Amino acid sequence: MSPLFDVAAANAAGAAHGQLASALPDGIALSAHKLVEEGARAQLLILPGVVRIDVRPLPDGLQVVPRPLGGTELGWEVDQDAVTDYGKTALETELPAMVRFRLAFWGDAPLAGRLLVGYSTDDRHAPTHFVGHVVIRQVDADR
Amino acid sequence: MRHVALTIREADLDEVLDRLLPIVPQGVHQDTAADGRLELGIYGDAPPRADLEAAAGGSLLASEETEVSDDPDERRLAAIGRRPPIGGRIVVRPEGAPAPEPGLIDVVIGETGGAFGAGTHPTTALCLEALLGLEPGGAFADLGCGTGVLAIVAGKLGWGPLIAIDHEPAALHATDANARRNGVEVDALQGDLSELPPPPAPTLAANVPLKVHMNLAAKLAPETRVVLISGIVDDHVGPVTKAYEAAGLRLVDTAVVRNWAAALLVRA
């Protein structure tokens, strides 16, 4: 198991951000929730030494910024099918709005991740309620 | 409520945020940017100002603490009032935000109804900046108009008549309302630009996704002389430009902000 999957370190780093970390047989799961004001960039999820996931709600779009940490090389792409209803208030959409990403971390021990960010707001320009969940696993480089 | 403004070197943003965001759960506002300087705003009583300044480290150029309204809406409007004009000349603002100084092009965008184009997105700003570099005149079509901001600015700069097309009814309502609010006459039409040909206007602005560009380029009218494209990431500039070049245009300029791209093409 990669030493980067350190549940105690992830819980400590995310303690002020509502983050909960738990171990998986081959990786780690992180989840968090928070309210973010329009225009503010805020940390949502963090795995020390690997990645920090920031969110920034704007009038013209949602920024989700995966920031590689500790020299990790990061690749990511949006799962287009899961992009729903950004900019609509809870009165204008019945669906929970969400976006999904695929993450890949290259290095001596490659890692792969799936990220889900759900969000909703009760009024335009009001703070956005975010829920984030990411699962990061070891990749068998021989496969 | 306390507001701490940290002015840092823009080039150091990522490293400063690496230290700042972990200690600021409420997040950091990037309020203004000019001349390589960036102002980061932190609202709320914690953490102590000294900790914020320490997080900014050697990048810190200035620091200021003020008391501001507890109302997030008032704070939002005040922050909009501090934004530098786009291209030094255009201010796009919601109702209630402070009016700019005389001489600037003032565009008031009311409630968008969820339509795109409040003026904060890099693609909108890049298109507006590019418009300032063109010689205005003749018909102008805003394709994928959203709030109608590009058509409205084009009208204020001297283009006309103005056409705006979008497939979203909310965008057409927003464009109609915003055009009236800004004293500009815009003909807002509903249409699916991933299938329809673009109108034969001499100047087109298309802030639309990749697949819409591919359709527009394939069906471009010979009367169209200038096309301003955006709505795409920098990786897609190559294929989109190639499609318009196949229609007889040539690339004149490109600009990229935060991976979002705009390009200007003219008929060869």
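**A sheet strand and its neighbours in chain B**

Author: In this predicted model, strand β10 of chain B is mostly covered, with 5 of its 5 residues buried.

Reader: Which residues lie on the two faces of β10(B)?

Author: B:Thr203, B:Ala205 and B:Asn207 are on one side, while B:Leu204 and B:Ala206 are on the other; all are buried, and both faces are thus covered.

Reader: In what order do the strands of the sheet come?

Author: The order in chain B is β9-β8-β7-β10-β11-β13-β12, an open sheet of 7 strands with mixed pairing. The edge strands are β9 (186-190) and β12 (249-257) of chain B, each of which pairs on one side only. On average, neighbouring strands of this sheet are turned by 15 degrees against each other, direction ignored.

Reader: How many bridges join β7(B) to β10(B), and do they run parallel or antiparallel?

Author: They run parallel and are joined by 4 bridges. B:Leu143 has B:Ala206 in β10(B) as its bridge partner.

Reader: And what about β10(B) and β11(B)?

Author: That pairing is also in the parallel sense, over 5 bridges, and B:Asn207 stands opposite B:Ser230 in β11(B). Between these two strands the chain passes through α7(B), and this β-α-β crossover is right-handed.

Reader: Turning to β7(B), how does it pair with β8(B)?

Author: Strand β7 (residues 140-143) and strand β8 (residues 162-166), both of chain B, pair in the parallel sense over 4 bridges. B:Ala141 stands opposite B:Ile163 in β8(B).

Reader: Which strands does helix α7 of chain B touch?

Author: Helix α7 (residues 210-218) packs on the sheet and touches β7, β10 (203-207) and β11 (226-233) of chain B. The helix direction makes about 155 degrees with that of β11(B).

Note on methods
Residues are numbered from 1 along each chain as its sequence is written. Chains are lettered from A and ligands numbered from 1 in the order in which they are written. This is a predicted model: local features need pLDDT of at least 70, side-chain atom pairs count only at pLDDT 80 or more; totals for chains, interfaces and linings use all residues. Two strands pair if DSSP finds at least two bridges between them. Axes are lines fitted to C-alpha atoms, for helices over the stretch in contact, and angles run from 0 to 180 degrees between N-to-C directions. Two residues are in contact if their C-beta atoms, placed from the backbone, lie within 7 Å. A residue is buried if 20 or more other C-beta atoms lie within 10 Å of its own, exposed if 12 or fewer, and partly exposed in between; C-beta atoms are placed from the backbone. A crossover is right-handed if, with the strands pointing away from the viewer, the path from the first strand over the helix to the second runs clockwise.
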